[in-house]
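Reader: I have a structure on my screen and would like to talk it through. Could you help me read it?

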Amino acid sequence: MTIAEIMPFSVLLPLIGAPVCAMLPGRRLPWLLCLIVVPGSLVIAGMTLDAALDAPLQYAFGNWPPPIGIAYRVDAANAFVAVLLAGIATALLPWARRSVNDDVPDRQGPFYALFLLALAGLMGITMTGDVFNVFVFLEISSLASYGLIAYGRDRRALLAAFRYLIMGTVGATFLLIGIGFLYIMTGTLNMVDLAERLPAVADTRTIDVALAFIIVGLALKLALVPLHLWLPAAYTYAPSFVSAFLAATATKVALYVMLRFIYTVFQPDLAFVILPLAPILLALALAAMLSGSWKALFQEDAKRVLAYSSIAQIGYMVLGVGLVTAAGLTASLLHMFNHGLIKAALFMGLGTVAYQAGSVRISRMRGLGREMPWTFTALALAGLSLVGLPPTAGFISKWYLINAALDAGQPWLVAAVLIASLMAVVYVGRVLEAAFMQPRPTDAKAVHEAPLALLLPLWLMVGANFYFGLDTRLTVGAAEAGARALMAGSGG
Amino acid sequence: MTTILSLFNYWAVIALMMVGYYCLIAHGNMIKKIMGLGIFQTSVFIMFISAGKVLGGSTPILREGVTEYSNPLPHVLILTAIVVGIATTAVALALAVRIQEAFGTIEDDQLSEADPEDAAGQ
Amino acid sequence: MSDHAILRVVARLVIPLFMLFGLYVQFHGEYSPGGGFQAGVLFGAAWILFVLIYGLDTGLRVIPEALIYNLACLGVLLYCLIGVLGVALGGHFLNFDVLWTTPKAAQQAGIILVELGVGVTVAAVVMLFFTCFVRRRALNKTGADTDQWREDNHDHDS
């Protein structure tokens, strides 16, 4: 079998695993099944990336050749995102065991089934070459995430899930409207085919409206300011494992789909001309970076700090897209990957704190740094990566972003990046200051260092942040290849 | 006049879409929001399906004496989208039931009082 | 509602017809309008009508909830299994041509099997929706709230 023939199994493994997982009793078996399925998916995604760096891979479902059937079409950009998704999921699983036991005390089969479905949905979005298939997988992953968020032990998790559901469904329906317009005008749903047929009808208002609907719908899923309102509550009240997984993956995939629509389906000369997309994206990116960081400064809940920080970091990624250069796109893809690592590490750290201390409110973390030195040192190091200090992964992507902004002749954007990074110093510092500098309240209950089962995966993730800060061959190489593949459009 | 009439399916879609969207935004009651969401999604389904109609075309089943068929693909797509819509509605209703149990209300303004930190962000 | 004679008699008449029609839609799905989704909903609706008249306990004696839940999963698995069978026999995922010798029969066999999975899942899921909502209401009436919430509003240890 060739790689192209194995490739779809990185989606199918979790998809088939989900119903099996849902039937498994107890708490250990579902987790063990995930531990087989998810790394399997990662291995296949890795092999796919390796092959896709040379030439795009294609797989026709049911042997119906595209554009009749649904086909997966994977180039360096999709494969890069797929590796990120499966990699984060794999790295989170060893840590998940304890944390999920705490958050989901009884039967865990349905919980892990939803997790596998969410993963399968996200992987499907990245791999598929069919725009309607994007919608279906988007809804699979979204519905699974609503369920996962509602597992949170705080009753406000239900509200967060409901509000996310309303906004997420509106976003997905907007995407569906856009896809409908594209289909009405071209009669095809295959991305490559759409790219060929769109220029002929590009001057119609229908196509303008289609692009607008698709961008707005995806911006909702992406939580781009001002459509970010669902995100803070969802990430705050979800179980720790779910927060870490969604924060590291879900918004990245929405950004990838946006890139795919702009670059492959509409082609940049169309997308950036019929709508003033570049200035809009730049303005929203700046608003996201500054308002997200600003809001993060005043939160009382450490998870909420990270949630607002995520909104700001989405701004960085969109900034790279708004520059409309290959360098900007590379920086954007790179930050997608690195921010996945950063947020996974930070949310794992906070999840570890929540597991031991029962709360991640900043006021209740006072003095915990001395009780749990390993956990909080890991958090501090991951925080350095979030701020963007060398030698961390966060530094690399910011470095590329700043260079891209300078190359594009927009040096004032560098100032915005630096201001947002300074604010990151403050909001990360606030959490760490409470933990390390302030005394533990005398009446607080005793808290001990977390067990090794939680610490080891956490430190591995922090280690990854430093590894990808020092050895950038894999990430930068793949991001550059991904940017090239996107820029080449459907022809590449 | 003829353009308005010949595009009446789109007018119906727009009307439904606005009704649904208005319900979604204007009402604080979660069940009404879910209804609005349903109407909103249905309008998009109608848009797809009416686009698949070929004037004079028959049902897309291969048989003798018929050469023109309506396009079946939008129906298949929308069947999928309807399933997605049902799943969404079911999840939304399930959440609403549990919110009612946990908070004793499904009115948004009363829920915001129970949750000031989120209300500030909205 | 068990004392309403008219309802009981009509239901006894109608429910088998519902199910028969469900099966008809199911097994004609490969070359005429129909298929697993519609058939599954019809089948599920027949069971729901039964529960509305005879009560949930009787309905769950016909088919236990654990079985409904597992059927929902097994239906998806059947679908995937047929898909993987295509790969195992040397084709692509959901490739039906390799299932049989003649292409027409192969497509029919593949679609019938796949739609069977869809039908089972949809019927089971529709029944599960109904069961979950109905039972929730019964639970609330008895006041047996199972949710244990962890509130984390307070900035100070109390």
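Reader: Which residues does L92(A) touch, not counting residues up to four places away in sequence?

Author: Happy to help, and please keep in mind that this is a predicted model. L92(A) is also one of the residues that touch the most other members of the largest nonpolar core. Leaving out residues up to four places away in sequence, its contacts are F241(A), A244(A), F245(A) and A344(A).

Reader: How many residues are in that largest nonpolar core, and which helix gives the largest share?

Author: The core has 272 residues, and among those touching the most other members are F80(A), L116(A) and I149(A). The largest share of this core is 20 residues, and they come from helix α7 (residues 156-186) of chain A.

Reader: Let's turn to chain B. Is chain B a compact globule or more spread out?

Author: Chain B has six helices and zero strands. For its 122 residues the globule rule gives 14 Å, but the radius of gyration is 20 Å, well over that value, so chain B is more spread out than a compact globule. The C-alpha trace spans, along its principal axes, about 65 × 35 × 20 Å.

Reader: What percentage of the residues of chain B count as buried?

Author: A residue is buried here if 20 or more other C-beta atoms lie within 10 Å of its own. Of the 122 residues of chain B, the part that counts as buried is 25%.

Reader: Which element of chain B gives the most to the side that touches chain A?

Author: In this pairing, 29 residues of chain B are in contact with 24 residues of chain A. The elements of chain B that give two or more residues to this side are α3 (30-51), α4 (73-103) and α6 (116-121). With 14 residues, the one that gives the most is α4(B).

Reader: How many nonpolar, polar and charged residues does that side of chain B have?

Author: We are still on the side of chain B that touches chain A. By class, the charged residues there number four and the polar ones five, while the nonpolar residues number 20.

Reader: In chain C, which helix has the lowest confidence and which the highest?

Author: Chain C averages a pLDDT of 85, and 89% of its residues score at least 70. Confidence is lowest in helix α5 (residues 103-142) of chain C, at a mean of 88, and highest, at 93, in helix α4 (residues 65-88) of chain C.

Reader: And what does the model score for ipTM and pTM?

Author: These two scores are given for the model. The pTM is 0.94 and the ipTM is 0.92.

Technical notes: Residues numbered from 1 in each chain as written. Chains lettered and ligands numbered in written order. Predicted model: local features only at pLDDT ≥ 70, side-chain atom pairs only at ≥ 80, totals over all residues. Helix = DSSP H or I, 4+ residues; strand = E, 2+ residues; numbered from the N terminus. Rg over C-alpha atoms; globule rule 2.2 N^0.38 Å. Buried ≥ 20, exposed ≤ 12 C-beta atoms within 10 Å, placed from the backbone. Contact = placed C-beta atoms within 7 Å. Nonpolar A, V, L, I, M, F, W, Y, C, P; charged D, E, K, R; others polar. pLDDT = per-residue confidence, 0-100. Core = buried A, V, L, I, M, F, W, Y, C linked by C-beta atoms within 7 Å.
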